[in-house]
Amino acid sequence: MNTAAVGITGHLQELRRRLMIVLAGVAVASSLAYYWIESVSGFFMAPLLHASPLLRKLVYTNLPEAFVTYIKVALFTGVATTFPLFIQQAWQYIAPGLHRHEKGFAASVVLFGSTLFLAGLLFGYFVALPGMLRFFMQYAGPDLQPLPRIGPYLTFVARVCIGFGLAFEIPFFMIMATRGGLLDRRHFSDKRWCSYFGMAMLAMLLAAGDVFSAGLLCLPLVALYEAGILGSGLFSRRSRPAG
């Protein structure tokens, strides 16, 4: 009983230590982002300004809005840039319970997960976001002037980029679940249509109910899910001889 209690306490202390490392990384990255907040915000505002030649600047309609928005942008940047640290700490937390040959995959796991997340961020910013903004800004004209507020706009950008960043992690989580023996490849195949429905609901949530944006988000989700099934199958075939 005491041994079990000591073991649980040790796991909780280790989890707390890992979380503190991640939070410290986010705090440092967010502070640096806030120091250069005008450049960071300008980077995120650029797609909107390019989407409409009529638009020259954004506005804010209450006094604390710009300040609060800058804080959110800095936090978003901090979380996005420290995501590889999160994956590394999560893997190191579960690594003691793995076999020696499995621990050797730590660098590959961090690189694979981080690359997918970065690819999702870049896809959201350079591909999905410009298409969405051009669609929304096509209604602007001589009789209809857009006056986007900085707060809702940057929140929209963060939602899109993080949404795609996490969506691109789908194959990573599927392959890791297969590798860890938590789920079999057939589970993903059997639950394909249920997963598609869940993706559609998630896409609608991330796109705040906009059908066009939801469709633009849902198609990559489906492709990534199928890539995860393929990757799980390749891993399963590769792992059988070792068993």
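In which helix is F67 found? Select F67 to begin: this residue is found in helix 3. The model on display is a predicted one, and the tour proceeds from the surface to the core and then to the charged pairs.

**Stop 1: the nonpolar surface patch**

Keep F67 selected and add Y34, V68, I71 and L75. Together these five residues make a nonpolar surface patch of about 430 Å². Colour helix 3, residues 65-81, as a separate element; with four residues, helix 3 gives the most to the patch.

**Stop 2: the largest nonpolar core**

Next, hide the surface and select F44, L48, L133, Y153, L154, F164 and Y225. These are the residues with the most contacts inside the largest nonpolar core, which has 50 residues. The elements that give two or more residues to this core include helix 2 (37-51), helix 4 (83-94), helix 6 (106-137) and helix 7 (150-167). Helix 3, already visited for the patch, is also among them, as are helix 8, helix 10 (192-206) and helix 11 (211-239). Helix 7 deserves its own colour here, since helix 7 gives the most to this core, with 10 residues.

Centre the view on L133. Which residues is L133 in contact with, leaving aside its neighbours within four places in sequence? Display P47, L48, A51, Y153 and F156 to see these contacts.

**Stop 3: T178 in helix 8**

Move to helix 8, residues 170-179, and select T178 within this helix. Is T178 buried or exposed? Its relative accessibility is 9%, so T178 counts as buried, the cut-off for that class being under 20%. Now add G231 and draw a distance between the two C-alpha atoms: the separation is 9.4 Å, although T178 and G231 are 53 residues apart along the chain.

**Stop 4: the salt bridges**

Side chains of opposite charge can pair when their charged atoms come close. How many salt bridges does a search of the whole structure find? The search finds four, and the remaining selections show examples.

Begin with E65 and R149, whose side chains meet in a salt bridge with an N to O distance of 3.1 Å. E65 belongs to helix 3, while R149 sits in the loop between helix 6 and helix 7, so this pair ties together parts that are 84 residues apart in sequence. The two partners can then be compared by accessibility: E65 counts as buried because its relative accessibility is 7%, and R149 counts as partly exposed at 32%.

Proceed to R192 and E226, which form a salt bridge with the closest N and O atoms 2.7 Å apart. R192 lies in helix 10 and E226 in helix 11, so here the pair ties together parts that are 34 residues apart in sequence. R192 is partly exposed, with a relative accessible area of 22%, and E226 likewise counts as partly exposed, at 27%.

For the last selection, choose E14, R17 and R18, which are joined into one network by salt bridges that share partners. Within this group, the side chains of E14 and R18 meet at 2.8 Å, N to O. Both residues lie in helix 1 (residues 2-35), four residues apart, or about one turn of the helix. Shading by accessibility separates them: E14 counts as partly exposed at 24% relative accessibility, whereas R18 is buried, with a relative accessible area of 12%.

Technical notes. Residues are numbered from 1 along each chain as its sequence is written. This is a predicted model: local features need pLDDT of at least 70, side-chain atom pairs count only at pLDDT 80 or more; totals for chains, interfaces and linings use all residues. Side-chain values use heavy atoms; hydrogens and water are left out. Patches are made of residues with over 30% relative accessible area and no salt bridge: like charges are joined within 9 Å, nonpolar side chains (Val, Leu, Ile, Met, Phe, Trp, Tyr) within 5 Å. Accessible areas come from the Shrake-Rupley method with a 1.4 Å probe; for residues, only the protein chains shown count as cover. Buried means under 20% relative accessible area, exposed over 50%, partly exposed in between (1.4 Å probe, protein chains only). A nonpolar core is a set of buried Ala, Val, Leu, Ile, Met, Phe, Trp, Tyr and Cys residues joined through side-chain atoms within 4.5 Å. Contact means heavy atoms within 4.5 Å.
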